[in-house]
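Work through the two exercises below with the sequence and the structure side by side, and try each task before reading its solution.

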Amino acid sequence: MSKGSPAPGPVPAGMIRLYSMRFCPFAQRARLVLEAKKIKHETVNINLLNKPDWFFEKNPLGMVPILETCKNELVYESPITCEFLDDTYPAKRLLPTDPYEKAKQKMLLEQFSKVMGYMYRIPVEKRKSVDTSKMEEELKVQLSKFDQKLADSKTRFFGGDSVTMIDYWIWPWFERMEALEFNKLLEQMPTLKHWMQLMQQDPATKATGYSTDIYREFYELYLQGNPEACDYHL
């Protein structure tokens with residue numbers, strides 16, 4: 001939906017609505033959780049480069065993801081939406097119930113914010129012909145910390161030997177690594193690369209992701225500010 005589109009009606013009983021954008025990594029976090037927990041939902045995709053006016057009534061920040069319930073409850077910010085879904089639909093818990101283990105996942109998420117920041121800034125700066133070599137080196141340092149963290153844990157995933165919330169929280173950026181030409185930074189990180197291979201086999205990641213070529217074309221349009229980017233490949 002874009003500027004001029006009418007607002008959707010009430011959320012049907014027994015349903016939850018996700019306001020998303022198909023290529024947004026933050027929104028993909030919520031989509032991964034919805035898929036992993038098999039939650040009955042409907043999706044409204046928003047053109048983030050040409051937002052409808054009513055969208056700011058759902059979230060004054062104008063960002064996705066947003067959850068809307070049949071009780072007119074609105075929840076936004078991606079980690080908060082994921083935790084809300086985990087609490088509201090407690091079957092197949094993704095966050096640990098132990099307070100310390102849950103805190104560890106949230107602390108790791110905070111550390112990952114540095115990776116997200118560089119993965120956004122570097123492509124933007126490259127389009128301005130800015131030398132990004134120092135930023136790329138710092139990104140490699142941050143990624144190596146996650147490689148070492150996983151190696152030290154001696155588990156298949158970041159929360160244990162099965163996929164948990166932290167894996168879904170960080171996965172969307174790894175899925176876009178090749179499209180954004182960061183995959184070369186992972187060459188000396190075997191543990192992280194193995195984790196990526198495992199994540200690619202997860203049913204939720206398969207259901208919510210796109211190919212490298214589609215991501216690459218989307219980012220080319222998006223970084224140009226082309227409002228057609230959000231509707232690419234429809």
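Two strands pair if DSSP finds at least two bridges between them, and helices (H or I, at least four residues) and strands (E, at least two) are DSSP runs numbered from the N terminus. The model is predicted, so that local features need pLDDT of at least 70 and side-chain atom pairs count only at pLDDT 80 or more, while totals for chains, interfaces and linings use all residues. Residues are numbered from 1 along each chain as its sequence is written, and side-chain values use heavy atoms, with hydrogens and water left out.

**Exercise 1.** Determine the order of the strands in the open sheet, and find which strands stand at its edges.

*Solution.* Following the pairings gives the order E2-E1-E3-E4, an open sheet of four strands with mixed pairing. Strand E2 (41–45) and strand E4 (74–76) each have a single partner strand, so one side of each is left without a neighbour in the sheet. As for the pairing of E3 (residues 66–69) with E4, the two run antiparallel and are joined by three bridges, and Leu67 stands opposite Val75 in E4.

**Exercise 2.** Decide whether Cys82 is in a disulfide or in none, and whether Cys82 is buried or exposed.

*Solution.* A disulfide is a pair of cysteine sulfur atoms within 2.5 Å, and by this rule the count comes to zero. For Cys82, which is in no disulfide, the nearest cysteine sulfur is that of Cys24, 11 Å away. Buried means under 20% relative accessible area, exposed over 50%, and partly exposed in between (1.4 Å probe, protein chains only); Cys82, at 0% relative accessibility, therefore counts as buried.
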